[in-house]
Amino acid sequence: MRLGPVELPALVVPRLGLAAFRRRAVVHLAFLLLALATVGLVLTVLTDQKERAYQRYAQGFRQSLSEIVLQLRHPSGQLALLNPTMGAGDRDGQAPVLLPFSAIDFDDQNKAQRAVEMAGCGLRWPDGSSLCAAVGANAYAGGFLYLVGSLESGPLAGREHGALDLGGVHRARVTVKARGGTQTWIAPFEGAASADGTQRGRLTGFPGAGPQLPGKARPVREFRGWLWREGPCAEGSRGPDCARRTFYSIRLPVEAFQDALFDDAGRRARPVWPPADLDQMRVRVELLAPAEPPVESASLFDSARPGASLALSLDKIGASLQPGETLRIERLGQQSTTLAERRGPELPERALPWLIHVMRRLPVQGEILGVGAGTDAAEIRWLTANDEVATPSGRYRLDLRGDLRSLDRQLALEARPLAWLAAAMLAAVGLAWLMVELGLIRGIAVLTKRAAAVSYNMQDARAEQRIGELDVADLRGRDELGILAGSLADALTRVKDGLRREQLRAEREREMWHAVGHEIMSPLQSLMVLHGAGDDPSHRYVQRMQQAVKVLYGSAPPSEALASADLHTEALDLAAFCREVAANAHYAGIDHVSFDTALPEPQPVHAEAYALEDAVTHVLRNADRYRPEGTPIAITLAAGGPGVVLLRIRNQGPHIEGPMLEQIFEYGVSDTAPQVNGERRGQGLFVAKTYLAKMDGSIRAFNVPDGVVFEMSLRRAAA
């Protein structure tokens, strides 16, 4: 018959004072202060970060301009100022550049090379070759074009004096396109190799492209050139004919330049220098190798080939500008001209708008920016700095302007992880408050009221009694904890009464299991009589059954029973014991068990025969469970340390994972679910470990290439 719900009268709830909710208010205030402290900490960190960033930026802003000015005052920087449109050239060659000095001493290799390197003039190719095509800053130096460059080459074949066929010699070919006309010179190398493999000679210029000179050809008087092939062998080559660094220096006349120096009457005029169309001229330099006709000469170097790069140009000035910075370069004169205007890079990401607003509102004093004390940096939006650079062709003004709003955006971008961290902290505080409020405080408040109602309505006089050692009567009070303590004290009595009843039930159950064990022992004793012969294989197993019954039914938990079991060790011949176990293993359902030993017999050890056999059988069952079907299980003996004999049981099969090599000997550890018959519950290896420990031995497991080995160590006994 199904019973209906039991109707209980409602409890009378007493009215609680404000003191009962005092801790609730304290918890709420603590969470509020924690949230405010988190916000304050983040704002303090951001303010300090902004002050440091503004200070670093103000210092770096002026230093950045100083570095740019210093760079432009160097000859390479002046070269960039004098040639604002300087580029890497095209298929027709490159445009000559205006040098920051009057001319190049082309007859001296060291001076010519130093001048080019100091000015940063010329193009660079990936193979290491270079070329500088330039004119001097002084028009009255002659109106010449200078070609200075280098490359790596092998031995050079020189021209014999008077030879007209240039196909078998190394030669330079120079082509100049200017003002609608084209001039070409062919300059064969005239020189011989020295004993150490170096070469030095002239480049004599003839009009035309070659390779055949006309009869009675005369060199151009103003065309002067030198070539030096010196220095160590290039990497990867050896011997006197190895590739070496070849440096050449050429000065050639350009009619367009020289015509500008004189008027129609042959008098010196006041030229406009540099020529206005200098950047429209094209110069191409080729170094040709010898070749017999009709094969065309191979080009060792061609300045019109792609891949060249500039050492320094005006486009590279200001590459280190920060986001929001602008650099303007003007040429001063009667009419100032803006040569270039460079801007800093854009920020790769966009910061959160609200975070940018917060960064702008953070207070920073103006003296950090060098503006003046008492000035709010929020009112300053721009920083400016300027300087001048003087060159032989005029003066240049540099204006650098920095936008602090870009700095705020950059700071907001950098502070985004901190903002997310602060948001996560506030979310964690809010979540913790919700969990405490909804899951704890409100529950405690309800529980407090109900506990107060229970205590208020208790009429049983026995509820005032206290049992056990736990006493919470001193915690009674008018707050939540005091009320809960009083109710808990009332409930503890009933809980401990239930525990006592449970203990009595467990005692009766244990006595019942003892009685069951006694009943099982009786037929076992009869079996001992039936199988009492020492050579009867069943005798040993009946004895083991008796011992197992004593262990299992002598105590409640098997682990405690095994730990408290007493073993009586004696001298046992381990070799004979193992041979007998291997021979009788098939009775226990374990086939293909072999025994072998290299130790002399007998091998006496301290052990208890039944306990040791129980431990070995558990290991054999474990090995039988995991070995591939039909593979053997090997039992061997080996000598351990002093006074120790090692009994090893090896089976083929899967390895045991590293962390499990120690855990498998703990009680209840198993990789399979418990079976209905009680097997595979993680007891066998625990029993083996416990018995061996009581016999002053040990057991361990380790992996071998084709399986697993369980090794038991036993202490030797006197023979």
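In this predicted model, four strands form an open sheet in the order β15-β14-β17-β16, and their pairing is antiparallel. The edges are held by β15 (337–343) and β16 (382–391), each of which pairs on one side only. From one strand to the next, the twist averages 15 degrees. As a general reminder, strands of a sheet pair through backbone hydrogen bonds, in either a parallel or an antiparallel manner.

The pairing of β16 with β17 (residues 394–403) is a convenient place to look more closely: these strands run antiparallel and are joined over ten bridges. Within this ladder, L383 has G402 of β17 as its bridge partner. Helix α1 (residues 22–73) packs on the sheet, where it touches β14 (325–331), β16 and β17. The direction of α1 makes about 15 degrees with that of β16. Helix α2 (residues 75–82), in turn, lies across β14, β15, β16 and β17 and runs at about 95 degrees to β16.

Turning to internal space, a search of the whole structure gives three cavities of 30 Å³ or more. The largest of them holds about 80 Å³ of space. Three helices, α9 (537–554), α11 (574–584) and α12 (609–626), are the elements that give two or more residues to the lining of this largest cavity. The lining consists of R540, Y541, E580, V581, N584, A585, A588, I590, E613, T617 and L620. By residue class, the lining of the largest cavity divides into six nonpolar, two polar and three charged residues.

Notes: Residues numbered from 1 in each chain as written. Predicted model: local features only at pLDDT ≥ 70, side-chain atom pairs only at ≥ 80, totals over all residues. Heavy atoms only, no water. 1 Å grid on protein atoms, 1.4 Å probe; cavity = no way out; pocket = protein on both sides within 12 Å on 5 of 7 lines; lining within 4 Å. Points joined across faces, edges and corners; volume = space filled by probe spheres on them. Nonpolar A, V, L, I, M, F, W, Y, C, P; charged D, E, K, R; others polar. Pairing = 2+ DSSP bridges. Axes fitted to C-alpha atoms, helices over the stretch in contact; angles between N-to-C directions. Contact = heavy atoms within 4.5 Å.
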